[in-house]
Amino acid sequence: MKDTPSSVKVPRSFHTPAPISATHASAMALAMGLAIAAPVAHAESVSKTLATVEVQAQIEDTNPYSEEGAPYKAKISGDQRRVKELAETPHTISVITQKAIEESGKTDLRDILAAQPGVTIGTGENGNAFGDRYIIRGHEARSDVFIDGLRDPGMTTRESFAVEQVEITKGPSSTFAGRGSTGGAVNSITKQPNTDKDFTKLELGVGTDDFHRMGIDTNKVINDRASVRLNLLDASESVPDRAPAEKSRRGLLLSGAFQATDALSVSADYYHLEAKDVPDLGTYIDQTTGKPVKNIPVYLQLGSDHLDTDVDTATFKLNYRFNNALRMQNATRIGRTSNSYVATGGRGTTDAVTLNPTVSLSTHQGYQEVNYWVNRTDVFWNKRLGQLDHQFVFGLEVNDEKVDNGTFSATNTGTSNCTVTTRGGGTSPGYCIYDGVTGVKAPNLNTLLGRTLTKNGLDSEYHIRTSSLTAMDTVDFNDKWTGFAGLRYDYFDYTNTVGSTAKTVYDYSDGFLNGHAGVTYKITPKANVYASVSTSSDINGGESDVGGSCGYGGLCGTPQQVADSKPESTVSYEVGTKWQVLQDKLLMTAALFRTIKSDVQEGDSANSYATTGTLNTGKNQVQGVEFSVVGNITPKLSGQFGLAIMNSEVLESFTAANEGAQLANFAKRSGNLQLKYQATDKFAFGGGATYQSQMFAGQPDTATNYAYAVPSYTVFDAFAEYRFSKQLSARVNVNNVTDKDYYLAAYRSGAFTYIGDKRNAQLTLNYKF
């Protein structure tokens, strides 16, 4: 008799893991060797040896989705529509578990994702610079962010305090994600209450750069059918070596679950986050050398510069089991997000009068109000038909997203200290880091502009209503072969009123069908090879934050041209292999992929901010290979390793000179390693390494600007932890151990370039009872 399918399993609530992770540069080669060349016979031999070793659990892991005894390794997805275990899913899905996140020392989702292979960070200007921006396998993914499988619209700052694990799907995934998801999608799985046992975890962190972090995670069992869970966060820090730039986070997740009957269960949660930053746009790329300028002073303007996010969401879920083979789940979420930012940019120039070199300052700003609701119903049906075991998933989703975008007017009342050249070729008094006459740094640099702000009206009122139908089937043909197929149809009504004074109304409707199919062949019960193909589509004006800017995924064309344009379409092919060894505690994967995006909306070659572009004239391709190793390597050594080697190419473009170039913001090689060594029952140490090859600035989905390079980098982190008792433990994290200068991303003109954090250290005390 076969095991109960994952679609009808209840995730494990508690387990006790074996240890994980320790860093050394040579370990990357070791992990790579394990991923590619570990013989099956040897793996089985080692598995038998490990079976005789009793590993003492050091840390209780409450993540119900991780592999028991290997908390860096996720066993199942938090999205129940993925009915097979991750090791049997014919798709590349990178998962960062709660334990891996905690021990990495990273807390913001942006920092967690920036360390992952195949993922880079993007920048924006004015209307499209809110919050987090991710690029997966060379394609924009800023709107392809989900929480518990439901889209999380808006350009928000996202924190990990209430996250159980982060799942990154690589390649198009419209069957699960809907519109967009060209390069992939990010799905954060939140912590949920359980009725297994009471627990409370208290976290207190202090560190360099005025770092402090206090957190509470408490689960209370009311009875065998009801429980509640509370997560609280209070955190703040200065940006390492860039004060007075700073970050502040206040968060809450309150959730409850109730098993009303043996068949019916309900749950609800309320999430709140306040993220208040004083942002630092970093440095700029010198137009002569094409490289970032080092040791630039912090030039942000106190009193006006800010990057604020306020998030409030409420989610209600109902799960009804008709019988052992059929159940239904319904999820409803109502959310509101407020985003606002004003940031100061710096760009190298010369004083128009004295010709002294200097850095002129500019203002980048915008605000956004998001209101949305979504309702999704999924029906899971396990049925034997025609001598074959099927796992069907049928879905109906309806959502309504409203995103209002506006601007600020900035008036500079400070005393000018330089003369700058205007875009029209004239000159005007300006504000510069270095005095245009003396060349001396401004003594009042952080208040130089004397900026005052006035909130303007809206310049974009985005509203999209979408209805989606999904049908998926996973079928076991025999003990060796498994197939998967899925279809999704999305129909949308779109309106967007663009303009601050003269307003243009865009209003159209359309629908598209996408699919995903795969087949898996089991070489052994614990090893398989697979092949899959998937598609996705995105609409003209799909990005909610840019109004009528063709160049960044905004509306492209006149209202009639928008209605007549094709959706952008993507198809991806992937073949791969997944091996579970060492008593299922270690998962090794390798995948070869190719993604082709067609009918790309291209902005006017002379002015990418124009509302009229060249429409569906672009085509590009990304192909490569990705490896990963995650889990327990030995009873004492555990970790996760990932490596992506990719190439990109513009295949077709309205601008012929772009053809053959690689995509912007694209790193050909990227890798991450995190290891932990359990030296004794009480003491463990480890660390990590993150590598990214050189990439170049530019707009999404266009040829890169080779004049502006973001240099390659390798950054090393380290940590050590000591368990004083069953309840009390301490962990020390040192990030960027070598204090390396490195850069994450650059704006298309090089005008601002994000600086990676300098060396910093934190001490975290954890008390559990």
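This is a dialogue in which a learner and a teacher read some features of one predicted model.

User: What kind of model is this, and how are its residues numbered?

Analyst: The model is predicted, local features need pLDDT of at least 70, side-chain atom pairs count only at pLDDT 80 or more, and totals for chains, interfaces and linings use all residues. Residues are numbered from 1 along each chain as its sequence is written, and side-chain values use heavy atoms, with hydrogens and water left out.

User: How many helices and strands are there in the protein?

Analyst: Helices (H or I, at least four residues) and strands (E, at least two) are DSSP runs, numbered from the N terminus. The protein has six helices and 38 strands.

User: Which way do strand 14 and strand 15 run?

Analyst: Two strands pair if DSSP finds at least two bridges between them. Strand 14 (residues 246-259) and strand 15 (residues 264-278) run antiparallel and are joined by 14 bridges, with L252 opposite H272 in strand 15, and a hairpin of four residues connects strand 14 to strand 15. Strand 15 is also joined by 14 bridges to strand 16 (residues 306-323), again antiparallel, and here A268 stands opposite F316 in strand 16.

User: Is L281, in the loop between strand 15 and strand 16, buried or exposed?

Analyst: Buried means under 20% relative accessible area, exposed over 50%, and partly exposed in between (1.4 Å probe, protein chains only). L281 counts as buried because its relative accessibility is 10%, and of the 769 residues of the protein, 57% count as buried.

User: Which residues does L281 contact?

Analyst: Contact means heavy atoms within 4.5 Å. Leaving aside neighbours within four places in sequence, L281 is in contact with Y299, A343, T344, G345, H364, F752, T753 and Y754. Across the protein, 69% of the contacts with a separation of 6 or more are between residues 24 or more positions apart.

User: Where is S693 found, and what lies 3.2 Å from a polar atom of its side chain?

Analyst: S693 is found in the loop between strand 31 (683-692) and strand 32 (695-697), and it counts as buried because its relative accessibility is 2%. The backbone nitrogen of K668 lies 3.2 Å from a polar atom of the S693 side chain. Not counting residues up to four places away in sequence, S693 touches A667, K668, R669 and S712.

User: What is the volume of the second largest cavity?

Analyst: On a 1 Å grid over the protein atoms alone, a cavity is a set of points where a 1.4 Å probe fits but cannot get out, and lining residues have an atom within 4 Å of a point. Grid points are joined across faces, edges and corners, and a volume is the space filled by probe spheres set on the points. The second largest cavity has a volume of about 630 Å³, and of the 40 residues that line it, the closest to its centre are E102, E203, R731, T764 and N766.

User: Which backbone angles deserve a look?

Analyst: Most residues other than glycine have a negative phi, and most peptide bonds are trans. L355 has a positive phi, near 65°, and D739, which is not a glycine, has a positive phi of about 55°. L355 is exposed, with a relative accessible area of 62%, whereas D739 is partly exposed at 28%. The peptide bond from A243 to P244 is cis, with omega near 15°, and P244 lies in the loop between strand 13 and strand 14.

Technical notes. On a 1 Å grid over the protein atoms alone, a cavity is a set of points where a 1.4 Å probe fits but cannot get out, and a pocket is an open set with protein on both sides within 12 Å along at least five of seven lines; lining residues have an atom within 4 Å of a point. A polar contact is a pair of N or O atoms within 3.5 Å; within protein, one must be able to donate a hydrogen and the other to accept it, and residues adjacent in sequence count only if both atoms are side-chain atoms.
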